[in-house]
Amino acid sequence: MKNIIFYITVIILSGLMIVIITNNQEKVSPKVITVSKSYAYHYDPNQSIEIPLYLNQANHPLSELTSYSSVYISNEDHSKKLELELIRVVKGHEESYLNERYQLYTLTFNMPYLDNLFDIDDCYLNINLINDDNYEFIIGTFSLYHVHTSTNHLNWTSLSGMKKEHTFLSRINKIIIEYDTLTEMIDYIEIGPYIESTYELTENQLIIHIESDDYLLDNVPIIIYYASNEQQVIENFRYIIDYQILKESGMLIHIYALN
């Protein structure tokens, strides 16, 4: 009888200890992280716009496509804005930041049609959910080109890009374009209105050097302007894929509390 009472007492005390420990554990408040990035796109109806969010809580409404009511990007005072059509929320890899685990969710939007250049220097992502929660997150800079005519004076065969040596920031430093023929003189090259670059030409390579900046940069179009006043577009291509963005982005990280 004493043994039965002893075992019952041990079970009860163990249960109480588990309850006490569970209740005393620090509750993790829901948060989202964005990282300042240069978003530069050329209009192509077959491509999409992708904006990453990092969430520290599973099953938050921001992780579910059906939770969204509307999304748009804007400048700080909302005097300039662009509605976006969200088509997917894609779950990605996990990263660690300040002893918390964050899951990557990539918001994927249809490419909006615009007839000319649209750009925002300090760009905010504005999200309205069906539960009436509203969020505004800074995401970096945004530009969307529309080149009405395009030629093919440069017969290119491959694209590659790389970071600056001995740095961790997820930013393209150099793009190398291998080509067979070039039939017109290049005047200048653009990869985004806020992205400074220069180029050099060899017998079979066009090398674009991208100036250093704080913003992340991994996906750009290349717009080549020729002396003949013609343009050629090499569509958006993602040159870098990193899995430690939060660890390496320092002051570019923005943390927001969620409802």
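Here are some worked exercises on the predicted model above.

Before you start: residues are numbered from 1 along each chain as its sequence is written. In this predicted model, local features need pLDDT of at least 70 and side-chain atom pairs count only at pLDDT 80 or more, while totals for chains, interfaces and linings use all residues; side-chain values use heavy atoms, with hydrogens and water left out.

**Exercise 1. The core**

Work out which residues of the largest nonpolar core touch the most other members, and which strand gives the most to this core.

*Step 1.* Pin down the term: a nonpolar core is a set of buried Ala, Val, Leu, Ile, Met, Phe, Trp, Tyr and Cys residues joined through side-chain atoms within 4.5 Å. Buried means under 20% relative accessible area, exposed means over 50%, and partly exposed is in between (1.4 Å probe, protein chains only).

*Step 2.* The largest core has 33 residues, and Y68, L125, I127 and F142 touch the most other members.

*Step 3.* Now look at the strands (DSSP runs of E, at least two residues, numbered from the N terminus). Those that each supply at least two residues of this core include strand 4 (68-74), strand 6 (86-97) and strand 9 (134-145). Strand 8 gives the most, with six residues.

*Step 4.* For background, nonpolar side chains tend to be buried together in soluble globular proteins.

**Exercise 2. Salt bridges across the sequence**

Find how far apart in the chain the partners K80 and D119 are, then do likewise for K163 and D242.

*Step 1.* Use the cut-off: a salt bridge is a side-chain nitrogen of Lys or Arg within 4 Å of a carboxyl oxygen of Asp or Glu. The structure holds six of them.

*Step 2.* K80 and D119 meet at 3.8 Å, N to O. K80 sits in the loop between strand 4 and strand 5, D119 is in strand 8, and they are 39 residues apart. K80 is partly exposed at 31% relative accessibility, whereas D119 is buried at 18%.

*Step 3.* K163 and D242 meet at 2.9 Å, N to O. K163 is in the loop between strand 10 (154-162) and strand 11 (174-182), and D242 is in the loop between strand 16 (231-238) and helix 2 (245-248), 79 residues apart. K163 comes out partly exposed at 24%, and D242 buried at 14%.

**Exercise 3. A salt-bridge network**

Identify which residues are joined into one network by salt bridges that share partners.

*Step 1.* Start with D218 and R238, whose side chains meet in a salt bridge (3.8 Å, N to O).

*Step 2.* D218 lies in the loop between strand 14 (205-210) and strand 15 (219-226) and R238 in strand 16, so this pair ties together parts 20 residues apart in sequence.

*Step 3.* D218 is buried at 7% relative accessible area; R238 is partly exposed at 41%.

*Step 4.* Through shared partners, K37, D218 and R238 join into one network.

**Exercise 4. Odd backbone angles**

Compare the settings of H78 and L98, two non-glycine residues with positive phi.

*Step 1.* Recall that most residues other than glycine have a negative phi.

*Step 2.* H78 has a phi of about 65 degrees. H78 is in the loop between strand 4 and strand 5 and is partly exposed, at 30%.

*Step 3.* L98 has a phi near 50 degrees. L98 is in the loop between strand 6 and strand 7 and counts as exposed, at 61%.

Notes. Helices (H or I, at least four residues) and strands (E, at least two) are DSSP runs, numbered from the N terminus.
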